[in-house]
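Student: Please take me slowly through one part of this structure, and explain each term as it comes up. I would like to begin with the open space at its surface and then see what stands around that space.

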Amino acid sequence: MASKYKNVATAVDNIIFASKKEAARYAELKMLLLSGYIKDLEWQIPYALKVNGILVCSYVADFVFEDGAATVVEDVKPSDPKFRKTQAYRMFRVKQNLMLACYNIQIREV
């Protein structure tokens, strides 16, 4: 069955990524890691998004890494402009705001 946004699961380094775009971003980040520009590259990192001690939802970051003194959280999104109008994107925006409120982390959308 074809993906709604034409994503094709892609493997790199025996890791299955949800899309070619996500796999390509991993390859870029891996090169930056190997050249020493970033460190501590991780993927699929879960965050509990709690407000006043109540779990509202959870968010799974595509990539998390250290860039200098900053922790960077990235989420790879489809290039299709139609995606920005979907319920899934609206939910991502809510989670993006919760990450900022709960952890003071701005998710970088790539």
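**The largest pocket and its surroundings**

Tutor: The lining of the largest pocket is made by 21 residues, and those lying nearest its centre are Asp75, Val76, Lys77, Pro78 and Phe83. A pocket here is found on a 1 Å grid over the protein atoms alone, as an open set of points where a 1.4 Å probe fits, with protein on both sides within 12 Å along at least five of seven lines, and a lining residue has an atom within 4 Å of a point. The model is a predicted one, in which local features need pLDDT of at least 70 and side-chain atom pairs count only at pLDDT 80 or more, while totals for chains, interfaces and linings use all residues. Residues are numbered from 1 along each chain as its sequence is written, and side-chain values use heavy atoms, with hydrogens and water left out.

The space in this pocket comes to about 410 Å³, a volume being the space filled by probe spheres set on the points, which are joined across faces, edges and corners. Its lining divides into ten nonpolar, four polar and seven charged residues, where Ala, Val, Leu, Ile, Met, Phe, Trp, Tyr, Cys and Pro count as nonpolar, Asp, Glu, Lys and Arg as charged, and the others, Gly among them, as polar. Two or more lining residues come from each of α1, β4 and α2; such helices (H or I, at least four residues) and strands (E, at least two) are DSSP runs numbered from the N terminus.

To place these elements, it helps to follow the chain, which has two helices and six strands in the pattern β-β-α-β-β-β-α-β. Four of the strands form an open sheet in the order β3-β4-β5-β6 with mixed pairing, two strands being paired if DSSP finds at least two bridges between them. Its edge strands, each pairing on one side only, are β3 (39-51) and β6 (107-109).

Within the sheet, β3 and β4 run antiparallel and are joined by ten bridges, with Tyr47 opposite Tyr59 in β4; their hairpin has two residues between the strands, and Asn52 there takes a positive phi near 50°. Strand β4 (residues 54-67) also pairs in the antiparallel sense with β5 (residues 70-75), over five bridges, and here Phe65 faces Val72 in β5, while the partner of Asp67 is Ala70. In this hairpin, again with two residues between the strands, Gly68 has a positive phi near 70°. By contrast, β5 and β6 run parallel, joined by three bridges, and Glu74 stands opposite Arg108 in β6.

Both helices that contribute to the lining lie across β3, β4, β5 and β6: α1 (residues 20-34) runs at about 120° to β3, and α2 (residues 87-103) at about 90° to β3. Contact means heavy atoms within 4.5 Å, and the angles, from 0 to 180 degrees, are taken between N-to-C directions of axes fitted to C-alpha atoms, for helices over the stretch in contact.

One side-chain link joins α1 to the sheet strand β4: Tyr26 and Phe63, 37 residues apart, have ring centres 6.5 Å apart and planes at 20°, so the pair is stacked. Rings of Phe, Tyr and Trp (its six-membered ring) pair if their centres lie within 6.5 Å, with planes under 30 degrees apart counted as stacked, over 60 as edge-to-face and the rest as tilted; by this rule there are eight aromatic pairs.
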